[in-house]
Amino acid sequence: MRFLPTDEQSDFARTLRSLLGSAQVPAAVRAWADGEHGPGLALRSRLAGTGLFALAAPESYEGVGLLPLELALGFVELGRAGVPGPVVESAAVSVLLSELGDGALAKRFLPGLVAGGSWAALTLPDGSPYALDADAAAHCFTVSAAGELRLAGPASGEVLRSTDPARRLSRPAAAGGELLAAGPAVVRAAGAAGRWARLLTAAQCLGVGEALLERTVGYVKQRTQFGTPIGSFQAVKHRLADTLLALEFARPLVWAAALSLAPGDVAAAKLRCGEAAYRAAMTALQLHGAVGYTEELDLSLWLRKARPLRNAWGTPSECRAEVLRSVTPG
């Protein structure tokens, strides 16, 4: 099995990296955190032009097919750039509607998600009760433990902030909303959507960790003590090497999970990528020193993403339990 992207896949990732590198993403993230969605929505439209969102929808609804490996590659770049918004949730909704097999529902919602004209928020029975960025999403979908898929009504209560100010959380209305579908098919589709959400969050974690490491390496080459760059100190080299190894060992787990979509594989990828991103954040904070705490420094935009993403769509303990279930006989 080959755990390396093809030339075509690498070209796609480079295209996304180039686009995001010129898109002033940090400014869009700060605006998003303040409730100003304009720059983030403009960025969404540019990403849609690359075909990124079409990778989670069938060809019959303007997509290019369900391609988890290519989509995971793209989400590594979204994490590396720190793109705001419910990108994971929108892709998961596309998968849910695709797997549900209801042509009318798919035709109603998928073209807008694929074209980048709308974003969607999502909550699932085994996930967080809070919807991410529901105030910026055109639609908020909820799946109940009883297997009911609803288009939720307005969120109840104020918008809450997580450790990452750009992750705006709200609780969908507990009752009401349009009932879209119900039954075992919804439960099966929700399970598939949850696995994709976990996989894509793992890919985001990998990208966040890479961005943190890259910025930290650049900083230790410039910062000096006693007339010497601190990057030349052995202790600093060891810390950075450990961070790099954690990211590199997590990377093939993402590809394996994207190829199989098995619950245990996806959980393993999420666990390792989340921990690697968190380690990268701790390394970055330690080696930057006090300046790492300042909001004015762009580094803070990635620092504050690491822990929420580590817990999103599967905490470390939940992922460990899933891995154990996958390897335990019976």
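**Note on the predicted model, starting from R304**

1. R304 is partly exposed, its relative accessible area being 22%. The model is a predicted one, and the 22% for R304 stands against a cut-off of under 20% for buried. R304 is therefore classed as partly exposed rather than buried.

2. Helix α10, which covers residues 299-311, holds R304. Beyond the neighbours within four places in sequence, the contacts of R304 are with T163, D164, P165 and E295. T328 is 24 residues away from R304 along the chain, and the two C-alpha atoms are 35 Å apart.

3. S300 also has its place in helix α10. With a relative accessible area of 3%, S300 is buried. When residues up to four places away in sequence are not counted, S300 touches T294 and E295. E295 thus appears in the contact list of S300 and in that of R304.

4. How many disulfides does the model have? The count is zero. For C273, the closest cysteine sulfur is that of C205, at 6.6 Å. A disulfide needs the two sulfur atoms within 2.5 Å, so this pair is too far apart for a bond.

5. Is C273 buried or exposed? C273 is buried, at a relative accessible area of 0%. C140 counts as buried too, with 9% relative accessibility.

6. On overall dimensions, the radius of gyration is 20 Å, which agrees with the value near 20 Å for a compact globule of 330 residues. Along the principal axes, the C-alpha atoms fill a box of roughly 65 × 50 × 35 Å.

7. The secondary structure consists of eleven helices and eleven strands. Among contacts with a separation of 6 or more, 72% join residues 24 or more positions apart.

8. Of the 330 residues, 52% count as buried. The exposed area of the protein is about 14500 Å², with 55% of it supplied by carbon and sulfur atoms.

9. The charged side chains number 32 positive and 30 negative. The centres of these two sets are 6 Å apart.

Terms used. Residues numbered from 1 in each chain as written. Predicted model: local features only at pLDDT ≥ 70, side-chain atom pairs only at ≥ 80, totals over all residues. Heavy atoms only, no water. Helix = DSSP H or I, 4+ residues; strand = E, 2+ residues; numbered from the N terminus. Rg over C-alpha atoms; globule rule 2.2 N^0.38 Å. Buried < 20%, exposed > 50% of the residue type's maximum accessible area, 1.4 Å probe, protein only. Contact = heavy atoms within 4.5 Å. Areas by Shrake-Rupley, 256 points an atom, 1.4 Å probe, with all protein chains shown as cover. Lys, Arg positive; Asp, Glu negative; His and termini not counted. Charge placed at Lys NZ, Arg CZ, Asp CG, Glu CD.
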